[in-house]
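Student: I should like a close look at a single part of this structure, namely a loop with unusual backbone angles. Please place that part within the chain as a whole.

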Amino acid sequence: MFNRKSRAQSDFSAELLAHLELEIDRLRAEGLSEDEAFHQAHRSLGNLTTAGERFYESRRWMWLDRLTKSTGYALRQMKSSPGSTATVMFSLALGIGVNTAIFSLTDQTLLRSLPVEKPEQLVLLDWQGGFVGGGYGGGNIFPNPFYRDLRKENGVFSDLFAQCPTDVNLSLGKAAEAAAAEIVSGSYFPTLGVHPALGRLLSESDDVKPNADPVVVISFDYWRNRTNSNPTIIGQRVLVNTFPMTVVGVAERGFHGVDVGAVPALWIPIMMKREATPGWDALFDRRTRWLHIFGRLKPGIGALQAQSRLQQWFKNYLRADTLREGWPAVTDAQMKEYMASRLDVLPAAQGRSDLRIAIRQPMLILLAATGMVLLLACLNVANLSLARALARRRATALKTALGASRSRILGEQFIESFLMAMGGCLAGLLFAPLVSRSILAFLPQETAAAALNADLDFHVLVFAVGLTALTTVLCGSAPALYALSVQPVTALKEQSTAVAGGFSLRKALVVGQFALALILLIGAGLFARTLANLRAEGPGYQTSNLLMFRIDPLVDGYSYADAKPLVRRALTAVQALPEVDRAGLSSFEMLRGGGWNNPVTIQTHRRVITEDISMNSVTPDFFAALGTAVTLGRDFDQRDSRDTAGPARSAIVNEEFVKRYFKHSDPLGARLGIGDSPATVAATEIVGVVKTFHDFALRKPEPEVFFPIWESRVGGGTFFVRSRNSSASAALAIRAAVAGVSSRLSILSLRTVDDQLDRMLKTERMLATLAGGFAAVATLLAMIGLYGVLSFSAARRTKEIGIRLALGAPPWAAGGLIVREAAAMAAAGLAIALPAVWALGRLVESQLFGVRPMDAATILAAAGVLATVCLAASLVPARKAASASVLDTLRSE
Amino acid sequence: MLSREEKNRVALLQGTLDLLILRILVFGPQHGQGIARAIQLNSEDVLLVDHGALYPALQRLESQAWIAAEWGVSSNNRKARFYTLTAKGRRRLVRETGQWRKLATAMARILDLEKLEVLEG
């Protein structure tokens, strides 16, 4: 093979020529004339070209040769029309880039398994039904004693572990800073199969006695970034919420806990709960849920099988629970609901993630939207390729006539599509990280940016390669089918402009593009209106010059006894500042999506039990600082500020609460109590009604009850400060004032309320911005496609237009022909899009606010945008048609 | 328009051209046209060498390293590509010749036998 390759084609030809000369010499020597000798020599050598070809083919792997040739051909074709090649690459780069970016984030948040041993064996437990008691956390929560009981019942799990995310103040000898932590059982690391990078991990022996083992494990990233990979960290003492604990190990590199989207810096044993969450531990409390329970299934047991096997144990647990000492008095309905509870076993190879729960739907919507953008880009490319195939039809016909095989012609078409798809893919991969990064900036949790990354990895590359293959097929098949359908005879006979076949296909592609663009435009419109509506809704009070921040003396190492006077002094100091107009305090952070919920028992002439009601404790000036009016009764004042910590004596409810529970009676003077059991004492008097404002979420007005903060236990509070002038100068003064009260107090998340609202609306903003971006891209692509088809159509109808003009039609009518063609395609696109929007509407409905999926105004606006774009795209071809000279057009061909 | 002479010629059997080329080259280096001419002359104009088939055959033999090639000058001062027999080619020739003789003898026997039977019949 190799020495064959070394001989060039030209050398072979030279030998044949030399042969001819020698043969002619000989024949002439035999007496033939020069002419006769020449012909006879050639005749006896046979066809020189055939000999050359045989030589050529003997030397190569033919398929490789064909591939190179077809590639060369495709490259030449692409080079010969740089404009359309650039358009194609650009379309595909956009399509593949946005898809890759969204997929990368979807993969990281929704699809990827935890980096632990056999993640597919992991399951998460979920209590379905009524629980008697309270809880802290986002869902799938259990009391610690439940976890300990279940662990003893070891039928289906090789082991179980429990986990609870929290935030702590962590200090490595320097100033304390907020750090995410996981409170975990001793079985956590062994069950997950995570190894230490240094030292040891937490084990059963750290999980025996409350407050006995002050040890922590820190994460690899934290160790590397904060201690500079210092190996002497092992055995060192750190302060967790000012409580000293010893670092015993560093976890495996790349392990970030079981919550995707959270980046825990350290792991703390469950038995140290009181130190990790100052003020409460609920370690042996069966009525308080706060732990997530994970199990590793025994080999060969599936989640469903495990679930059915656990039900009997669970029923027994429920029955035993009701017989236990300390079981509260409950209503019959509560009891029935409690006993009907079910224990679910959910597959949890990807762990449990609040971030995932929050952004699952938005991500899927965006993935669908990018899929549409890619489809649209493919239609565009198919359209352009089809245009080229049409332009080349005579060349193709000629090739077929000369004996080119179909496979060869198809091959050339697909190679061209593949090259373009690959170019688009490479360009797309270059800009995918930019898109990812801008999406990360929108994600709702501050930790998310650290847990996710915009870099391309193996999964994403595989996805991109798959997309490229798909794109090749999608883009290549229309022109390839067309090329196959070309009959050489008809194609060669035809005049170059009078082609029919592929044109209706091109029009159909443009209609498809219109439909997709319209769907995306309507979607973008809906999300934009949702965001605008939510912004207009606002929290229900004036937010200008309103600042918020939090102090948590308990976390800073103070006791409850010290905390309340500190918070009180801090509030007085802030209120005394000249920059401050008014300031108030609430025990729970508002506008953060979390809070305190409980059913309430209302006692008037009858007893009413409410649904879960949001609650908060506030100071007398709180409503005044927000600027919300007390519309009935009175605000809290000195009468509600005695330094006690018993059940509240007074409460203020909002108008929504009155609307739901006091339709026909006066709320003032009514009494209520927290809880819904028969034993609940309704001793708290409603003293006022305040206008409804949004405390936790903006989407719907919620009933809420406020209690006087000074008559409760206070560990910390969120300040709301209305400044007189700019918030910036007030912020500085506030920091100084709080530091004046105690230098140990740290100020957390000091920001304007507007800023906080923006943070709350991040998901909505992400959807609106990205959907808008995708719609713009889609519209641009559809415009390009339409322009191409109309130009082609105008050229094709030159003769027809010429005749019309000759018969006296005004020039604008000629242009109108083209515009009408565009309008027909747009109308067909609309007809396809509307049912699709109707069907897709249900999927996005939960993400909308104040607007229906089939919102007429939005649909009209989207159609208007598309009509404008349509007109713009048809302008140039139409004007060209209108300005055509009669003589020229009639003479052409 | 074949001459009378050409009519008497016999086309080469598949596979025999290679053997003939090797055999001719035993006499010394020769170019393609010379090889064709030599086959024709030595077979007393019976064997016709298709010039178009000759060169691919030479190429084949060269790639098997049975012959080697080099550009040179012919007796009448023309440039030509001269082929020589390699040691490997010589061994090949000996083996092929032996096989060919066996085949030819066997063929001749059978053909003669047939002639006898025909005569008897």
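Tutor: The account below begins with the loop, continues with a residue in a strand, and ends with the whole chain. The model is a predicted one.

The loop in question joins β7 (237-240) to β8 (243-251) of chain A, and N241(A) lies in it. T242(A) is found in the loop between β7 and β8 as well. Most residues other than glycine have a negative phi. N241(A), although not a glycine, has a positive phi of about 50°. T242(A) is not a glycine either, yet its phi is positive, at about 70°.

The surroundings of these two residues can be described through their accessibility. N241(A) has a relative accessible area of 5%, and it is therefore classed as buried, the limit being under 20%. T242(A) has a relative accessibility of 41%; because this value falls between the limits of 20% and 50%, T242(A) counts as partly exposed. The loop between β7 and β8 thus holds N241(A), a buried residue, and T242(A), a partly exposed one.

Another asparagine may be set beside N241(A). N616(A) belongs to strand β16 of chain A, which covers residues 607-618. With a relative accessible area of 0%, N616(A) is buried. Leaving aside residues up to four places away in sequence, N616(A) touches S586(A), S587(A), F588(A), M590(A) and W596(A), and also D695(A), E704(A), V705(A), F706(A) and F707(A).

These residues sit in a chain whose secondary structure comprises 29 helices and 23 strands. Of the 893 residues in chain A, 51% are buried, N241(A) and N616(A) being among them. Contacts in chain A between residues at least 6 apart in sequence join residues at least 24 apart in 81% of cases.

As to overall form, the C-alpha trace of chain A spans about 135 × 75 × 55 Å along its principal axes. The radius of gyration of chain A is 38 Å, whereas a compact globule of 893 residues would have one near 29 Å.

The surface and the charges complete the picture. Chain A exposes about 38,800 Å², of which carbon and sulfur atoms supply 59%. Its side chains include 92 positive and 77 negative ones, and the centres of these two sets lie 4 Å apart.

Technical notes:
Residues numbered from 1 in each chain as written. Chains lettered and ligands numbered in written order. Predicted model: local features only at pLDDT ≥ 70, side-chain atom pairs only at ≥ 80, totals over all residues. Heavy atoms only, no water. Helix = DSSP H or I, 4+ residues; strand = E, 2+ residues; numbered from the N terminus. Buried < 20%, exposed > 50% of the residue type's maximum accessible area, 1.4 Å probe, protein only. Rg over C-alpha atoms; globule rule 2.2 N^0.38 Å. Contact = heavy atoms within 4.5 Å. Areas by Shrake-Rupley, 256 points an atom, 1.4 Å probe, with all protein chains shown as cover. Lys, Arg positive; Asp, Glu negative; His and termini not counted. Charge placed at Lys NZ, Arg CZ, Asp CG, Glu CD.
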